Amino acid sequence: VVVAQSRGNMCIWYQVDTPEDKIVQEIQGDVIEIERSEGQTEVVIDEGFNKRRVPLDDRLISFGAAMSKRDYRKATEILEFFENSPEKASGAQNSADGMWQKLFELALGEMDLVIAQRAAAALGDMSKSFYLSMINDAMTKHGNNPNHWMVTSLVAVLMRQFKRAENIMLGAGKVDECIEMYKHVHKWQEALDIAQGKNHPSTQKLKEEFFEYLISTKQESTAGKLKEKDGDYNTALELYLEGGYPSKAADLVLSQNLTQDSNLTERVATALVKNKHFEKAG
């Protein structure tokens with residue numbers, strides 16, 4: 001615990017990793033020391049004529065001890081007890097939230113997924129809690145092995161470490177699962193790269209799905225690049241012009257020597273002028 005004074009306020013931090021989560025109490029006098037005896041920690045305040053003692057929450061202080069020992073179950077018990085205590089509605093709740101967050105991060109990093117799920121629920125992040133429940137089910141299905149490729153890859157996805165998840169899946173020979181993972185998080189280019197690199201039979205179908213996704217989400221520029229890469233220059237040009245990227249259309253016309261089509265060059269030049277790209281239009 002860290003205690004500091006700012007004029008007439010005493011500030012208490014039970015979790016130093018989240019300095020914004022502090023408890024502020026009005027006091028008279030000066031904070032002079034912190035004493036601990038018989039299992040109780042108190043701040044001693046010199047008020048001039050007498051010394052006043054303000055008790056601190058030893059449950060929250062003991063949380064740090066449990067975390068340093070990596071006793072995450074003990075840390076969880078401490079925070080759960082705090083959740084049900086009358087102080088929950090006080091300013092100390094912010095400190096407890098910071099502690100739940102710290103517990104979540106460390107438990108997830110050490111693959112203690114049951115504790116991580118509980119912490120996510122306490123933080124109100126129900127999507128992560130549900131996802132971790134799914135991972136825990138997968139781990140149970142595979143003999144409670146935290147090192148199974150499915151478990152470690154799902155955790156990597158949760159932590160947004162997609163390249164790590166890819167390496168885990170491909171290392172286990174799970175190409176289809178890797179492609180589906182990238183599709184699920186809308187990283188279509190990465191999914192397509194995997195399919196092409198592995199000569200996957202669904203490459204063409206995936207490319208068509210990727211194109212449809214780009215069109216439906218108004219990503220004409222990326223869709224144009226996809227068609228340009230496939231040598232479908234006419235479709236690429238239409239997409240560039242339709243999406244308001246005349247400069248890319250002009251680059252394609254020049255790089256592929258398509259200037260013989262006067263109607264096409266006229267359309268591109270007109271779009272360039274409209275967007276005030278005068279030098280390229282000239």
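In this predicted model, Leu103 is in contact with Phe63, Met67, Tyr72, Ala75, Thr76, Leu79 and Ile115, once residues up to four places away in sequence are set aside. Leu103 belongs to the largest nonpolar core, which has 64 residues, and together with Leu113 and Leu132 it is among the three that touch the most other members. Apart from this core there lies another, made up of 13 residues that include Leu241, Leu252, Leu258 and Val268. Such grouping fits a general tendency, since in soluble globular proteins nonpolar side chains tend to be buried together.

Helix 3, which spans residues 92-109, also contains Glu105. With a relative accessibility of 43%, Glu105 counts as partly exposed, because its value falls between the 20% limit for buried residues and the 50% limit for exposed ones. The C-alpha atom of Glu105 is separated by 9.0 Å from that of Ala119, a residue 14 places apart from it along the chain.

From the nonpolar cores the description can pass to charged side chains, among which the structure holds 16 salt bridges. One of these joins Glu110 and Arg70, with a nitrogen-to-oxygen distance of 2.6 Å. This pair links distant parts of the chain, for Glu110 sits in the loop between helix 3 (92-109) and helix 4 (113-122), whereas Arg70 sits in the loop between helix 1 (58-68) and helix 2 (72-83), and the two are 40 residues apart. The partners fall into separate accessibility classes: Glu110, at 41% relative accessible area, is partly exposed, while Arg70, at 54%, counts as exposed.

A second salt bridge, between Lys280 and Asp251, has a nitrogen-to-oxygen distance of 2.8 Å. Here too distant parts of the chain are linked, with Lys280 in helix 15 (residues 278-281) and Asp251 in helix 13 (residues 246-255), 29 residues apart. Lys280 is partly exposed at a relative accessible area of 36%, and Asp251 is likewise partly exposed at 39%. Elsewhere, salt bridges that share partners join Glu180, Lys183, Lys205 and Glu209 into one network.

Within that network, Lys183 and Glu180 form a salt bridge whose closest N and O atoms are 3.4 Å apart. This pair is local in sequence, as both residues lie in helix 8 (residues 175-184) and are three residues apart, about one turn of the helix. Lys183 has a relative accessibility of 18% and counts as buried, because the limit for that class is under 20%. Its partner Glu180, by contrast, counts as partly exposed at 44%.

The strands offer another way through the model. Strands of a sheet pair through backbone hydrogen bonds, either parallel or antiparallel. An open sheet of three strands has the order 4-5-6, and its pairing is antiparallel. Strand 4 (30-37) and strand 6 (51-55) stand at the edges with a single partner strand each, so one side of each is left without a neighbour in the sheet. Neighbouring strands of this sheet are turned against each other by 30° on average, with direction ignored. Strand 4 is joined to strand 5 (residues 40-46) by seven bridges, and Val31 has Ile45 in strand 5 as its bridge partner.

Another antiparallel pair is formed by strand 1 (residues 2-6) and strand 2 (residues 9-13), which five bridges join. Across this pair, Gln5 stands opposite Met10 in strand 2. The two strands make a hairpin with two residues between them, and in this hairpin Arg7 takes a positive phi near 55°.

That sign of phi deserves a remark, because most residues other than glycine have a negative phi. Besides Arg7, which has its positive phi in the hairpin, Lys218 shows a positive value near 60° without being a glycine. Lys218 is placed in the loop between helix 10 (203-216) and helix 11 (220-229), and at 63% relative accessibility it counts as exposed. Asn257, also not a glycine, has a positive phi of about 55°. Asn257 is found in the loop between helix 13 and helix 14 (262-274), where its relative accessible area of 48% makes it partly exposed.

Key. Residues are numbered from 1 along each chain as its sequence is written. This is a predicted model: local features need pLDDT of at least 70, side-chain atom pairs count only at pLDDT 80 or more; totals for chains, interfaces and linings use all residues. Side-chain values use heavy atoms; hydrogens and water are left out. Two strands pair if DSSP finds at least two bridges between them. Helices (H or I, at least four residues) and strands (E, at least two) are DSSP runs, numbered from the N terminus. Axes are lines fitted to C-alpha atoms, for helices over the stretch in contact, and angles run from 0 to 180 degrees between N-to-C directions. A nonpolar core is a set of buried Ala, Val, Leu, Ile, Met, Phe, Trp, Tyr and Cys residues joined through side-chain atoms within 4.5 Å. Buried means under 20% relative accessible area, exposed over 50%, partly exposed in between (1.4 Å probe, protein chains only). Contact means heavy atoms within 4.5 Å. A salt bridge is a side-chain nitrogen of Lys or Arg within 4 Å of a carboxyl oxygen of Asp or Glu.
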